[in-house]
Amino acid sequence: MNATLPVLSVRNLKKHFPIRTGVFSRVTGHVKAVDGVSFEIFPGETFALVGESGCGKSTTGRIILRLQNATDGSVHFNQEDVYAASFQRLRLLRKEMQIVFQDPYSALNPRLTVGSAIREILQVHGLASGAEARERAEDVLIRCGLERYHADRYPHEFSGGQRQRVVIARALALDPRFIVADEPISALDVSIQSQIINLLEDLQDSFDLTYLFISHDLSVVRHVADRVGVMYLGKLVEVGDKAEFYREPLHPYSQSLLSAIPVSDPAIKKKRIILKGDVPSPANPPAGCPFHTRCPHVMEVCRTVVPELKATAEGRHVACHLVHPPA
Ligand code: SF4
């Protein structure tokens, strides 16, 4: 049990997108992109949300920051209800909660030098203007491994890795406490991915940052995360400490994901678990356990009863009837 208060507390968060059909655009169903997700992130921690493409992890990041509105649930940032915040208050909160997107190419305005882009953000938030804004913009670019003269360059003059450094610098310029890093390296060459990961780790130490790290890549998550949450069809199916999770994943879906990552030690023999079938549509998720259509251990109860995310005796959290047999 962590006695420190969380930086972020997410409770039963949902995002259901309406499906509209016909000439009258009547709502005929919902895509349950995020469907009742709860977790906490503590100061200085990196909490990784993992899962296959389309599992709802990026949508979770966006609705935490209110870049899109949630359908239901709550988000508290430093004990403040983000969804109760007024427009003015939300602007102030946004200084403290930033996001780094996957694609540094589309995240930057091609018509602005990177220095102007950072100065603009400082001015909009009333943090600095004129020479002071210029000084701060250059300073934060240097902290992110770039040079002072880069402030006068346009985005197209940078490599992919440098652009992601610029995007990170722009997020840091507002001196945030919490950053959602949404697949921050997956659009980059493998050769420079580790540089950006190292940068994020260095910045976490020097700026006292807390991260929500969203990734489909469990090899990367192993390096950066303190705790891991696994999502499947909009739900968290396992949450736990990184070391325990990688040593012994408890949920069958986590086991299959981890069986697919290469191990460096040839003495360790791993059996690859190949899942049958595709991920069902979040517009029409299966009854009972959302994973039951693909689970190698499916039981009769799994087809009708939804397993709750519950703590084990060791304090790990898993949503599976194998781990928590129904009474
Ligand atoms: Fe598999 Fe049943 Fe556990 Fe779901 S609840 S993961 S179907 S064993």
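A molecule sits in a cavity if more than half of its atoms lie within 2 Å of the cavity's grid points. Keep that in mind for the first stop. The model on screen is a predicted one.

**Stop 1: the ligand**

Select the ligand. Which residues surround the ligand? Show H251 and P252, then C289, F291 and H292. Add C295, H297, C302 and P307, and finish with C320, H321 and L322. By class, this shell has eight nonpolar residues and four polar ones, with no charged residue.

**Stop 2: the largest cavity**

Stay where you are, for the ligand sits in the largest cavity. The volume of this cavity is about 90 Å³. Its lining is made of 15 residues. To find the middle, select C289, C295, C302, C320 and H321, which lie nearest the centre of the largest cavity. Those five also appear in the list of residues around the ligand. How does the lining of the largest cavity divide by class? It has 11 nonpolar and four polar residues, and no charged ones.

**Stop 3: the second largest cavity**

How many cavities of 30 Å³ or more does the structure hold? There are three, and the next to visit is the second largest, with about 40 Å³ of space. Select T46, I197, L200, E201, Q204, Y211, F213 and V224 to show its lining. Two elements each give two or more residues to this lining: α6, residues 190-207, and β8, residues 210-215. Colour α6 for a view of the element that gives the most, with four residues. The lining of the second largest cavity divides into five nonpolar residues, two polar and one charged. The charged one is E201.

**Stop 4: the largest pocket**

Now leave the cavities and turn to the largest pocket, which holds about 610 Å³ of space. Of the 20 residues that line the pocket, select E40, F42, R227, G315 and H317, the closest to its centre. Then highlight β2 (26-41) and β10 (235-241), the elements that give two or more residues to the lining of the largest pocket. Which classes of residue make up this lining? Eight are charged, six are polar and six are nonpolar. Compare this with the lining of the largest cavity, where no residue is charged. Among the residues closest to the pocket centre, E40 and R227 belong to the charged class, while F42 counts as nonpolar and G315 and H317 count as polar.

Definitions and conventions. Residues are numbered from 1 along each chain as its sequence is written. This is a predicted model: local features need pLDDT of at least 70, side-chain atom pairs count only at pLDDT 80 or more; totals for chains, interfaces and linings use all residues. Side-chain values use heavy atoms; hydrogens and water are left out. On a 1 Å grid over the protein atoms alone, a cavity is a set of points where a 1.4 Å probe fits but cannot get out, and a pocket is an open set with protein on both sides within 12 Å along at least five of seven lines; lining residues have an atom within 4 Å of a point. Grid points are joined across faces, edges and corners, and a volume is the space filled by probe spheres set on the points. A residue is near a molecule or strand if one of its heavy atoms lies within 4 Å of it.
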